[in-house]
Amino acid sequence: MSIAYLNGEYLPLADAHVSVLDRGFLFAEGIYEVAAVIDGRLVDSASHLARLERSASAIGLSLPIGLAAVEAVQKQLIARNGLNEGLVYLQLTGGVDAARDFLPAPDLAPTLVLFVADKPFVDSPAARTGIAVATMPDLRWARRDIKSTGLLAQAMAKRAAADAGCQEAWMVEDGFVTEGASSTAFIVTDEGIVTRPYSQAVLAGCTGAALGILATEDGIPLVRRTFTVAEALGAKEAFITSASTLCQSVVRIDDHRIGDGTPGPVATRLRALYIDFARRTAV
């Protein structure tokens with residue numbers, strides 16, 4: 001039976017109940033983080049915790065426990081659930097608000113919940129074959145740098161992508177790719193690897209940031225600039241990064257094959273570098 005953490009208590013996931021008056025449910029007033037677990041250890045933990053703190057601050061929430069304590073809870077959940085490879089999910093909301101007022105009471109206690117999911121991804125079949133992405137209009141709100149639990153637009157994009165026979169959606173605004181529905185988008189050109197610069201238009205991906213450093217150290221230039229769908233279709237390679245996919249080749253965008261339709265050498269190399277980094281530095 002899976003064990004979760006809810007507001008200071010470890011309990012069976014099936015018994016982890018949150019009130020219908022929680023502001024996360026009523027207003028989507030909440031943020032979340034997802035950390036990868038490889039070999040029973042947390043991958044790139046410091047980056048995820050720093051982003052958690054930034055997101056919480058951006059919507060005016062305070063963590064009820066410190067970042068070191070959060071990491072300790074994550075490790076406890078990994079141990080209690082015997083998790084070797086998978087994900088630790090964390091969600092922080094504004095807490096239970098009986099008044100259901102847009103302006104919460106100043107003494108409202110936040111809700112903090114964590115749970116784990118078993119998900120093998122290091123030797124994922126998709127990593128060997130590559131994935132397809134579908135492009136679609138970016139209908140999300142303007143503060144995409146906050147890892148918000150308000151994921152309706154992303155869920156709709158994922159459904160549309162699945163209907164098109166694709167595994168991910170690439171969001172497009174004014175002709176430029178912003179990011180994936182749950183990933184960071186990259187292409188490979190003569191310049192090197194290209195991805196959108198950080199701003200309020202995109203989430204600063206932890207996996208993508210680490211991979212960019214690894215690429216530079218390996219002699220692969222990293223260029224942060226916008227790119228169009230047309231440029232992506234003509235790229236040498238394309239790939240996505242996220243905690244749950246690591247680095248995964250994109251071999252088709254809409255109805256267009258990328259390169260020769262198989263995972264390219266740059267993305268394959270970067271995936272190997274990231275897995276080695278994850279195993280060396282996990283805590």
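This is a short dialogue on how to read the predicted model shown above.

Biologist: Let's start with the whole thing. How many helices and strands does the protein have?

Modeller: Remember that this is a predicted model. The protein has eight helices and 15 strands. Along the principal axes, the C-alpha trace spans about 55 × 40 × 35 Å.

Biologist: What does the radius of gyration tell us about this protein?

Modeller: You compare the value with what a compact globule would have. For 283 residues that would be near 19 Å, and the protein has 19 Å, so the two agree.

Biologist: And how much of the protein counts as buried?

Modeller: Buried means under 20% relative accessible area. Here, 49% of the 283 residues count as buried. The accessible surface comes to about 12800 Å², and 57% of that belongs to carbon and sulfur atoms.

Biologist: What about the charged side chains: how many are positive and how many negative?

Modeller: There are 25 positive and 32 negative side chains. The centres of the two sets lie 3 Å apart.

Biologist: On to strands. How do strands of a sheet pair?

Modeller: The general idea is that they pair through backbone hydrogen bonds, either parallel or antiparallel. This structure lets you look at both. Six strands make an open sheet in the order β2-β1-β6-β5-β3-β4, with antiparallel pairing. Its edge strands are β2 (9-12) and β4 (41-42), each of which pairs on one side only.

Biologist: Can you zoom in on one antiparallel pair?

Modeller: Sure. Strand β1 (residues 3-6) pairs with strand β6 (residues 111-118) over two bridges, in the antiparallel sense. The bridge partner of L6 in β6 is V113.

Biologist: And which strands does β7 pair with in the parallel sense?

Modeller: Strand β7 (residues 131-137) is joined to β8 by five bridges, and the two run parallel. In that pairing, M136 stands opposite M171 in β8, and T135 stands opposite W170. β7 also pairs in the parallel sense with strand β14 (residues 246-253), over three bridges. There, V133 has I253 in β14 as its bridge partner.

Biologist: Are these strands mostly covered or open to the outside?

Modeller: Mostly covered. In β7, five of the seven residues are buried. In strand β8 (residues 168-173), five of the six are.

Biologist: I've heard that a positive phi is something to look for. Which residues here have one although they are not glycines?

Modeller: L246 and D254 are two to look up. L246 has a positive phi of about 65 degrees, and D254 has one of about 55 degrees. L246 lies in strand β14, whereas D254 sits in the loop between β14 and β15 (256-257).

Biologist: Why does L246 count as buried and D254 as partly exposed?

Modeller: Check each against the cut-offs: under 20% is buried, over 50% is exposed, and partly exposed is in between. L246 has 0% relative accessibility, so L246 counts as buried. D254 has 23%, so D254 counts as partly exposed.

Biologist: Let's try an arginine. Where is R271, and what does R271 touch?

Modeller: R271 is found in helix α8 (residues 265-281). At 9% relative accessibility, R271 counts as buried. Leaving out residues up to four places away in sequence, R271 touches F121, V122, S124, A127, T245, L246 and C247. So you meet L246 from the phi example again here, among the residues that R271 touches.

Key: Residues numbered from 1 in each chain as written. Predicted model: local features only at pLDDT ≥ 70, side-chain atom pairs only at ≥ 80, totals over all residues. Heavy atoms only, no water. Helix = DSSP H or I, 4+ residues; strand = E, 2+ residues; numbered from the N terminus. Rg over C-alpha atoms; globule rule 2.2 N^0.38 Å. Buried < 20%, exposed > 50% of the residue type's maximum accessible area, 1.4 Å probe, protein only. Areas by Shrake-Rupley, 256 points an atom, 1.4 Å probe, with all protein chains shown as cover. Lys, Arg positive; Asp, Glu negative; His and termini not counted. Charge placed at Lys NZ, Arg CZ, Asp CG, Glu CD. Contact = heavy atoms within 4.5 Å. Pairing = 2+ DSSP bridges.
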